[in-house]
Amino acid sequence: MALNRELLHILACPKCKGSLELLGAEEGLKCAACAVVYPIRDEIPVMLIEEAVPAEKWDQGQREV
């Protein structure tokens, strides 16, 4: 099941309130301004600042902090 597109339009980065980009196979939501990725687990975006993975580490394959 895919993420609801309406949900994606209203979600914002909890840190900077900026827009988010859906990554690849719906694995995460990236905030370009903060350079972090919020993981999606069991089709649920984990929108907690302390759970955000730095984008650089995400690109290297690390999916958890």
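**Close-up views of a predicted chain**

**View 1. K17, out in the open.** At 61% relative accessibility, K17 counts as exposed, because the cut-off for that label is anything over 50%. This is a predicted model, so read the angles and areas as computed values. K17 sits in the loop that links α1 (5–10) to β1. Its backbone is worth a look too: phi is positive, about 70°, even though K17 is not a glycine. Most residues other than glycine have a negative phi.

**View 2. The whole chain, for orientation.** Walking from the N terminus, you pass elements in the order α-β-β-β-β-β-α, which gives two helices and five strands. The C-alpha trace spans about 30 × 25 × 15 Å along its principal axes. Is the radius of gyration in line with a compact globule or out of line with one? For 65 residues such a globule would come out near 11 Å, and the chain has 11 Å, so the two agree. Some 31% of the 65 residues count as buried. The chain exposes about 4,400 Å², with carbon and sulfur atoms supplying 52% of that area. Among contacts with a separation of 6 or more, 21% are between residues 24 or more positions apart.

**View 3. The β1–β2 hairpin.** Strand β1 (residues 21–23) runs antiparallel to β2, and three bridges join the pair. One of the pairings to pick out is E21 in β1 with K30 in β2. Four residues lie between the two strands of this hairpin. In that turn, G24 takes a positive phi of about 35°.

**View 4. The β2–β3 hairpin and A35.** Here β2 and β3 run antiparallel, joined by four bridges. G28 has P39, in β3, as its bridge partner. Four residues separate the strands of this hairpin as well. A35 belongs to the loop between β2 and β3, and its phi is near 60°, positive in a residue other than glycine. At 40% relative accessibility, A35 counts as partly exposed, because that value falls between the 20% and 50% cut-offs.

**View 5. Y38, tucked away in β3.** Y38 lies in strand β3. Why does Y38 count as buried? Its relative accessible area is 1%, and buried means under 20%. Leaving out neighbours within four places in sequence, Y38 is in contact with a long list of residues, including C13, P14, K15, L20, G28, L29 and C31. V46, M47, L48, I49 and A52 are also on that contact list for Y38. For a distance to check in your viewer, try Y38 to E27: they are eleven residues apart in sequence and 8.7 Å apart C-alpha to C-alpha.

**View 6. The nonpolar cores.** Which residues make up the largest nonpolar core? There are eleven of them: L3, L8, C13, L20, L29, C31, V36, Y38, I40, M47 and A52. The elements that give two or more residues to this core are β2 (28–31) and β3 (36–41). Strand β3 provides the largest share, three residues. Another core lies apart from this one, with five residues, among them L23, V37, A55 and W58. As for A52, a member of the largest core, its contacts beyond four places in sequence are V36, V37, Y38 and V65.

Note on methods
Residues numbered from 1 in each chain as written. Predicted model: local features only at pLDDT ≥ 70, side-chain atom pairs only at ≥ 80, totals over all residues. Heavy atoms only, no water. Core = buried A, V, L, I, M, F, W, Y, C linked by side-chain atoms within 4.5 Å. Buried < 20%, exposed > 50% of the residue type's maximum accessible area, 1.4 Å probe, protein only. Contact = heavy atoms within 4.5 Å. Pairing = 2+ DSSP bridges. Rg over C-alpha atoms; globule rule 2.2 N^0.38 Å. Areas by Shrake-Rupley, 256 points an atom, 1.4 Å probe, with all protein chains shown as cover.
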